[in-house]
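Here are my notes on the structure you sent. They are set out as numbered points, to be read beside the view.

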Number of protein chains: 2
Amino acid sequence: MKIGILGTGVVGQTIAEKLSQLGHQVMMGTRDKQATLAKTGKDNFGRPALSEWLKNNVKIQLGTFSEAGAFGEVLVNATNGFGTLPALESAGKNNLTNKVLIDISNPLDFSKGMPPTLFISNTDSMAELIQRTYPEAKVVKALNTMNAYVMTNPKLLPEPTNVFLNGNDSVAKNEVKKLLMSFGWNDQDIIDMGDITTARGTEQILPIWVRLWGTFQTPMFNFKIVTAKS
Amino acid sequence: MKIGILGTGVVGQTIAEKLSQLGHQVMMGTRDKQATLAKTGKDNFGRPALSEWLKNNVKIQLGTFSEAGAFGEVLVNATNGFGTLPALESAGKNNLTNKVLIDISNPLDFSKGMPPTLFISNTDSMAELIQRTYPEAKVVKALNTMNAYVMTNPKLLPEPTNVFLNGNDSVAKNEVKKLLMSFGWNDQDIIDMGDITTARGTEQILPIWVRLWGTFQTPMFNFKIVTAKS
C-alpha cells in the first residue's frame with residue numbers, strides 16, 4: 001500500500017521504517033524539505049539527522065506535506081500536537097478526503113517545562129478537532145499512548161499490552177487494526193473504544209504516561225488492562 | 001488502628017468493611033446521620049440502604065463527618081468529588097492536622113450525562129486542591145483508579161495490577177503502602193509516582209476508565225503497567 005506519513009521525528013521515522021520493512025511504499029512529509037535535509041549532526045535524542053537516516057532507508061521517500069498527502073492511500077499524522085493542524089492544512093483538504101488518517105499526535109504543551117500539560121483536554125480532544133476540521137477524512141486515533149518502538153514492535157515488552165482505537169468509521173478502524181496486527185499486535189489486544197470522542201480518554205492518559213516515564217526512567221512500557229475472568 | 005472514613009457510598013462501605021475485617025476500629029462519617037439512617041430500600045446500584053448494611057457490619061460505627069474526623073488516626077476521603085471539600089470542612093481542620101488523609105475521590109462531573117467530564121484537571125487536581133486547602137494534612141492520593149472491589153481485593157483479578165500513590169510526605173505514603181499491602185497488594189505493584197502534583201496523572205486516567213467500563217460492560221478491571229525487562 002502507498003502510505004504518507006506527516007512528520008519526520010522519531011515517531012514518523014519508526015513508523016516509516018516498519019511500514020517499509022513490511023513492503024509498503026512510504027513517503028514522509030515535512031514542512032520544508034530543503035530545511036529538513038540541510039540539518040546535520042544529532043538531534044536532542046542523539047539520533048542522526050534525517051539526511052543520514054534516509055541513506056540507511058533508501059526505499060523511503062521524503063516529500064512536502066502536500067506531496068506525502070497526495071502520495072498516501074492511507075495517511076499517518078506523526079507530527080507533534082502544535083504541528084498537527086498546520087501540517088494537515090499543508091497536506092491539503094483534497095488529499096485527506098475519504099482517506100484513513102491515523103492520528104498518533106498528542107496535544108502536549110512543553111512550553112512551561114516538565115511535566116507538560118495538555119492544550120486540548122477533558123471536553124475535547126486533538127482527534128475530534130482534526131475530525132471536525134476535516135469531516136471527510138476518516139480519522140482513527142491509535143498508538144498515541146506509547147513509545148514509538150513499542151508501537152511498531154509490541155513484542156519488545158515481556159507480555160501483551162493494549163492499543164486503543166478511537167474513530168467514527170468502523171471500516172477505517174478495521175483497516176487500522178489490520179495494519180497494527182502486521183506490526184505484531186494481537187487481535188484481542190486491540191481495543192476499539194468507540195467513536196472519536198473516546199479519544200479524550202486515550203489522550204488524557206498522557207499525563208500519567210509522562211510521569212511513569214520519570215518514575216521508571218525508561219519509556220519502554222505500556223498499559224495493559226486486566227479484566228476479571230467472566 | 002482507629003480509622004475515620006468520610007463518605008458512606010459503595011467506596012466508603014467497601015473500604016470500611018475491609019478495614020474492620022482486618023481488625024481496625026472504623027467509623028464512617030456522613031453529613032446528616034439521621035437522614036442517612038432514615039433511607040430505606042435499595043440505592044441506584046441495587047445495594048441495601050446503609051441502615052440495613054450496618055446491621056450486617058455491627059462493628060462499624062456511623063458518625064457525623066466531624067465525629068469520624070475526630071475518631072480516626074488515619075482518615076479516608078471516600079466522598080465523591082463535589083462532596084469532598086464540604087465533607088472536609090465539616091470534618092474540621094483540627095481533625096485533619098498531622099493526619100494521613102487517603103484521598104480516593106475523583107473530580108467527576110456527571111451533570112451533563114455520560115461520559116462524565118473532570119471539573120478539575122490538567123493543571124491542577126483534586127488531591128492538590130485538598131492539600132492546598134489543608135496544608136497540615138498529609139494527603140496521599142491512592143486507589144482512585146479502580147473499582148471499590150478491586151481496591152480492597154486486588155486478587156479478584158487474574159494477574160497483578162498496579163495502584164498509584166501521589167503525595168508530598170514519604171512517611172505518610174509508606175503508611176498507606178502498608179495498609180494497601182494488608183488489602184492484598186504486592187509491594188512491587190504499588191507505584192509511588194512522586195509528589196502530590198502527580199495526582200493529575202492518576203485523576204486524568206478516569207476518562208479512559210469510564211469508557212473502558214462501557215467497552216467491557218464491567219467495572220472489574222484495572223491498569224497494569226508492563227515494562228521492558230532491564
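The points below go through the sheets, the helices, the contact between the chains and the salt bridges of what is a predicted model.

1. Start with the sheet of chain A. The sheet is open and has 8 strands, in the order E3-E2-E1-E4-E5-E8-E9-E10, and its pairing is mixed. At the edges stand strand E3 (61-64) and strand E10 (190-194) of chain A; each has a single partner strand, so one side of each is left without a neighbour in the sheet. From one strand to the next the twist averages 25°.

2. Look next at one edge of that sheet. Strand E9 (residues 163-167) of chain A runs parallel to E10(A), and 4 bridges join the two. One residue pair to find is A:Val163, whose bridge partner in E10(A) is A:Ile190. A helix of the other chain also comes in here: helix H11 (residues 206-216) of chain B packs on the sheet and touches E9 and E10 of chain A. The direction of H11 of chain B makes about 100° with that of E10(A).

3. Elsewhere on the sheet of chain A, helix H1 (residues 10-21) of chain A lies across strand E1 (2-6) and strand E2 (25-30) of chain A. H1 of chain A runs at about 165° to E2(A).

4. Chain B has an open sheet of 8 strands as well, ordered E3-E2-E1-E4-E5-E8-E9-E10, with mixed pairing. Strand E3 (61-64) and strand E10 (190-194) of chain B are at the edges with a single partner strand each, so one side of each has no neighbour in the sheet. The twist in chain B averages 25° from one strand to the next.

5. Within the sheet of chain B, strand E8 (residues 138-141) and strand E9 (residues 163-167) run antiparallel and are joined by 2 bridges. B:Val140 stands opposite B:Gly167 in E9(B). H1(B) packs on this sheet, touching strand E1 (2-6) and strand E2 (25-30) of chain B, and its direction makes about 165° with that of E2(B). H9(B) also packs on the sheet; among the strands that H9(B) touches are E8, E9 and E10 of chain B. The direction of H9(B) makes about 160° with that of E9(B).

6. How do the two helices of chain B meet, and at what angle do they pack? Helix H1 (residues 10-21) and helix H9 (residues 170-183) of chain B pack at about 85°, and their axes are 10 Å apart. That angle makes H1(B) roughly perpendicular to H9(B). On the H1(B) side the contact has B:Ile15, B:Lys18 and B:Leu19, which meet B:Leu179, B:Ser182 and B:Phe183 in H9(B). These residues divide into 4 nonpolar, 1 polar and 1 charged.

7. Now the contact between the chains. Chain B gives 36 residues to the contact and chain A gives 36 residues. About 3200 Å² is buried between chain B and chain A, with 67% of this area from carbon and sulfur atoms. B:Ile208, B:Arg211 and B:Val226 supply 19% of the area that chain B buries against chain A, more than any other three residues.

8. Last, the charged pairs. Side chains of opposite charge can pair when their charged atoms come close. The structure holds 22 salt bridges over all chains, and 2 salt bridges are found across the interface of chain B and chain A. B:Lys224 forms a salt bridge with A:Glu159, where the closest N and O atoms are 3.2 Å apart. Within chain A, the side chains of A:Glu128 and A:Arg200 meet in a salt bridge at 2.8 Å, N to O. This pair links distant parts of the chain, 72 residues apart: A:Glu128 is in helix H7 (residues 126-133) of chain A and A:Arg200 in helix H10 (residues 199-203) of chain A.

Terms used:
Residues numbered from 1 in each chain as written. Chains lettered and ligands numbered in written order. Predicted model: local features only at pLDDT ≥ 70, side-chain atom pairs only at ≥ 80, totals over all residues. Heavy atoms only, no water. Pairing = 2+ DSSP bridges. Axes fitted to C-alpha atoms, helices over the stretch in contact; angles between N-to-C directions. Contact = heavy atoms within 4.5 Å. Parallel < 35°, antiparallel > 145°, perpendicular 65-115°, else oblique. Nonpolar A, V, L, I, M, F, W, Y, C, P; charged D, E, K, R; others polar. Buried area = accessible area lost by both parts, 1.4 Å probe. Salt bridge = Lys/Arg side-chain N within 4 Å of Asp/Glu carboxyl O.
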